[in-house]
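The following exercises concern one protein model. Please examine the sequence and the structure before reading each solution.

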Amino acid sequence: MPVATRAPIDNSGRLQFADDLFARRHRGLGSPIANQWIWRLNSPYDADRLRYIAAGLAEGGLSRRLHRAKFPGARDLWTNADRESIELYEEILPVAEITGWLQERHSDHLDPHEGLTYRLTAINLDDGTSVVSMLLAHAVGDGGSVLDAVSRASRGEPLRLPPAPAKGRDRLRAEAADSRAQWRAVRDWTKARRQAKKDGTAALAAKAPRVYPEATPNPTPEGWRMPRMIAEFDTETMTKIAAEHGGSTNAWFINVVADLLVRIDHVPVDRGDVPVSLPMSDFQPGDVRSNSTRVAMVEVPRDVLDKRDLAAIKKLSKAAYIRLGQAGPGLVPVPLAMMQMLPDAVLDKLPQPPAAACMASNLPQLPDDYRYAMGADVRLVAGLAGYQNATAQDAYDVGGGIISWLIQSGPRTTLNLVAAEPDRVPDLDFLKRLVVEELGSWGLTAEVW
């Protein structure tokens, strides 16, 4: 993920806006969202190594417990949970069943309120290799915080959260101070919003309602499960293809996922531009925030996609990153601090905002501390995001879309996809064919699993 313009960080341990939204899902306001990080090793897993990593994770920032604030307007608080969660399977799994096993692991229970925020699991495969899965509640970690926490666990340098305020009056005083700060944020937003309307920039905050073309309803929505897949291919070949089309691997990635949106007819035919959301990491050294990601939006014209003009896409995406970095608080249509103050019962009655048509998160070459955290002979790293145990209705509620990651780990790169499209992507086989065709049209040979 590209790096956003740096802003002062809040290292108080209080929940950020995104943390709060994700945590509410674990309380029943929608399906929980969890990220699954996957390491493929060329040999059986090293149990001692994995136990060492699990111990390091338990001491670091990914092992958290959520404490509900009692003072009105104050944010909830993160503290270290110091909880180790590891399961090493002794049975041997056929390679052909790896997708199903990973899907089962993505359904494993997580609850930040109990301090159960991650699950590290591993299993050996019948070809002499192995796979390691780390499932993580999105409430406690985005891409930047995960890379940092796992790398720290690998080095034996876990980063601790600030200590919790003492109980009783000290805790209430701390919460009262945070409540005042939240109300000040609302006041500042009001002033910024007023100025944004005055100078004409507030209009940028409004989004046109998304319109979808007709789709054939899924004949068995009750049996639909969100398809999730990984395609791996040669990094050097991908980089060469991107350069031949005048752009970077990030521009190529944007073109690919935009093509997929068009292929499944997610974007109306009469709309000229295809929207792709680009996460940007604002993670900074020593950062204890769970989620510091911001999202830029690029609108790719159809003729640019048809020509596969990666130079134009690179230019468009760079402009989108700059706009996000320059965006002021007045562009946000609703003050986030106020949204965070609302109780669950109120927030649950508000219309759910639609998810992005496509979330395209690009992780360039991973640091060695992360890439080799689970073993010295890691072949590649993959990652899958998405809603846990989501139904077709859950996908309809968020408006469908695709969640995608591009992860480079040395000579191999993975394109990781989750499709919240019950009608347009009815099953995993359909998604696999779609992706293989798309990558093949670029001259890439992919192994899908």
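**Exercise 1.** Is Leu 260 buried or exposed?

*Solution.* The model is a predicted one. Begin with the location: Leu 260 belongs to helix 7. Next, take its relative accessible area, which is 2%. Buried means under 20%, so Leu 260 is buried. Finally, consider its surroundings. Beyond the neighbours within four places in sequence, Leu 260 is in contact with Ile 402, Leu 417, Leu 434 and Glu 438. In sequence, Leu 260 and Leu 431 are 171 residues apart, while in space their C-alpha atoms are 9.7 Å apart.

**Exercise 2.** Determine how helix 7 and helix 14 are oriented to each other, and identify the residues of their contact.

*Solution.* First, locate the two elements: helix 7 covers residues 249–263 and helix 14 covers residues 428–441. Their axes come within 11 Å and cross at roughly 135°. Helix 7 is therefore oblique to helix 14. The crossing of helix 7 past helix 14 is right-handed. On the side of helix 7, the contact is formed by Trp 252, Val 256, Asp 259, Leu 260 and Arg 263. Helix 14 contributes Leu 434, Glu 437, Glu 438, Leu 439 and Ser 441. Sorted by class, the residues of this contact are five nonpolar, one polar and four charged.

**Exercise 3.** Describe the largest nonpolar core and the contacts of Val 150.

*Solution.* Start with the size: the largest nonpolar core has 67 residues. Within this core, the residues with the most contacts are Trp 37, Trp 39, Met 134, Val 150 and Met 374. Strand 6, residues 130–137, supplies the largest share of the core, namely six residues. Now turn to Val 150. Residues up to four places away in sequence are not counted; Val 150 then touches Trp 39, Leu 57, Leu 62, Met 134, Asp 369, Tyr 370, Ala 373 and Met 374. A second core, separate from this one, has 47 residues, and among them are Leu 260, Ala 296, Cys 358 and Leu 431.

**Exercise 4.** Determine how helix 2 and helix 4 are oriented to each other, and classify the residues of their contact.

*Solution.* Helix 2 spans residues 47–59, and helix 4 spans residues 143–155. The two axes approach within 8 Å and cross at roughly 120°. Angles of 65 to 115 degrees would count as roughly perpendicular; helix 2 and helix 4 are therefore oblique to each other. Helix 2 passes helix 4 in a crossing that is right-handed. From helix 2, the contact involves Arg 49, Tyr 52, Ile 53, Gly 56 and Leu 57. From helix 4, the partners are Ala 149, Val 150, Ala 153, Ser 154 and Arg 155. The classes represented in this contact are six nonpolar, two polar and two charged residues.

**Exercise 5.** For Arg 152 and for Thr 99, establish whether the residue is buried or exposed.

*Solution.* Consider Arg 152, which lies in helix 4. Because its relative accessibility is 17%, Arg 152 counts as buried. With residues up to four places away in sequence left out, Arg 152 touches Glu 157, Pro 158, Leu 159 and Gly 286.

Proceed in the same manner with Thr 99, which is found in helix 3, residues 98–106. Thr 99 has 18% relative accessibility and so counts as buried. Apart from residues up to four places away in sequence, Thr 99 touches Arg 228, Leu 428, Lys 432 and Trp 449.

Terms used:
Residues are numbered from 1 along each chain as its sequence is written. This is a predicted model: local features need pLDDT of at least 70, side-chain atom pairs count only at pLDDT 80 or more; totals for chains, interfaces and linings use all residues. Side-chain values use heavy atoms; hydrogens and water are left out. A nonpolar core is a set of buried Ala, Val, Leu, Ile, Met, Phe, Trp, Tyr and Cys residues joined through side-chain atoms within 4.5 Å. Buried means under 20% relative accessible area, exposed over 50%, partly exposed in between (1.4 Å probe, protein chains only). Helices (H or I, at least four residues) and strands (E, at least two) are DSSP runs, numbered from the N terminus. Contact means heavy atoms within 4.5 Å. Axes are lines fitted to C-alpha atoms, for helices over the stretch in contact, and angles run from 0 to 180 degrees between N-to-C directions. Angles under 35 degrees count as roughly parallel, over 145 as roughly antiparallel, 65 to 115 as roughly perpendicular and the rest as oblique. A crossing is left-handed if the near helix is turned anticlockwise from the far one by less than a right angle, and right-handed if clockwise. Ala, Val, Leu, Ile, Met, Phe, Trp, Tyr, Cys and Pro count as nonpolar, Asp, Glu, Lys and Arg as charged, and the others, Gly among them, as polar.
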